[in-house]
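The following exercises ask the reader to work through a structure step by step. Please examine the sequence and the model before reading each solution.

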Amino acid sequence: MKLDRAESLVWILFLFFLSTSSIKTPEETFSILRCAKQGKLFYPLGQECHLPISQGPCGEGEMMVLNSEGVGECVGNPCAEDMLWTGEVCVEMYRQEGCDGRGERMLYNMTGGVECGCEDG
């Protein structure tokens, strides 16, 4: 059974809630799951849903990622186009050792980490 992006996000956040000690109000929990069902992250400052790894409400040079509390957070992204921020350096998304197979490239995951994955399509 293959899950689509929204279903995957709902399950990830559900499992996160089971493992975290952070206490959320019922309203915030509902908002987080409502956004996750759309394949998006809940951003508490604006009370809105935004796509992960997008600029969303973040400032120039920032992107929305899933933080340790299970909600969207803006983090810096100082890299040029076709480059990814590892938290320490910018790396090329193409031609990375160990991630150079057909259709593979380095991608951001929902938390802003970098991993090898397949291009869409």
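Two strands pair if DSSP finds at least two bridges between them. The structure examined here is a predicted model.

**Exercise 1.** Determine in which sense β7 and β8 pair, and over how many bridges.

*Solution.* Step 1: locate β8, which covers residues 114-118. Step 2: establish the sense of the pairing, which is antiparallel, with five bridges. Step 3: take one bridge as an example; Leu-107 has Glu-115 in β8 as its partner. Step 4: inspect the connection, where five residues lie between the two strands of this hairpin. In the turn, Gly-112 has a positive phi of about 90°.

**Exercise 2.** Identify the residues of the largest nonpolar core.

*Solution.* Step 1: list the eight members, namely Met-63, Val-65, Leu-84, Val-91, Met-93, Cys-99, Met-106 and Tyr-108. Step 2: assign strands; β3 (62-66) and β7 (104-108) each contribute at least two residues to this core. Step 3: examine one member, Met-93, setting aside residues up to four places away in sequence; Met-93 then touches Asp-82, Met-83, Leu-84, Arg-105 and Met-106.

**Exercise 3.** Decide whether Glu-92 is buried, partly exposed or exposed.

*Solution.* Step 1: place Glu-92 in strand β6, residues 90-92. Step 2: apply the cut-offs, under 20% for buried and over 50% for exposed. Step 3: Glu-92 has 37% relative accessibility and therefore counts as partly exposed. Step 4: note its contacts beyond four places in sequence, which are Asp-82, Met-83 and Met-106. The C-alpha atoms of Glu-92 and Asp-82 are 6.2 Å apart, with the two residues ten apart in sequence.

Conventions: Residues numbered from 1 in each chain as written. Predicted model: local features only at pLDDT ≥ 70, side-chain atom pairs only at ≥ 80, totals over all residues. Heavy atoms only, no water. Core = buried A, V, L, I, M, F, W, Y, C linked by side-chain atoms within 4.5 Å. Buried < 20%, exposed > 50% of the residue type's maximum accessible area, 1.4 Å probe, protein only. Helix = DSSP H or I, 4+ residues; strand = E, 2+ residues; numbered from the N terminus. Contact = heavy atoms within 4.5 Å.
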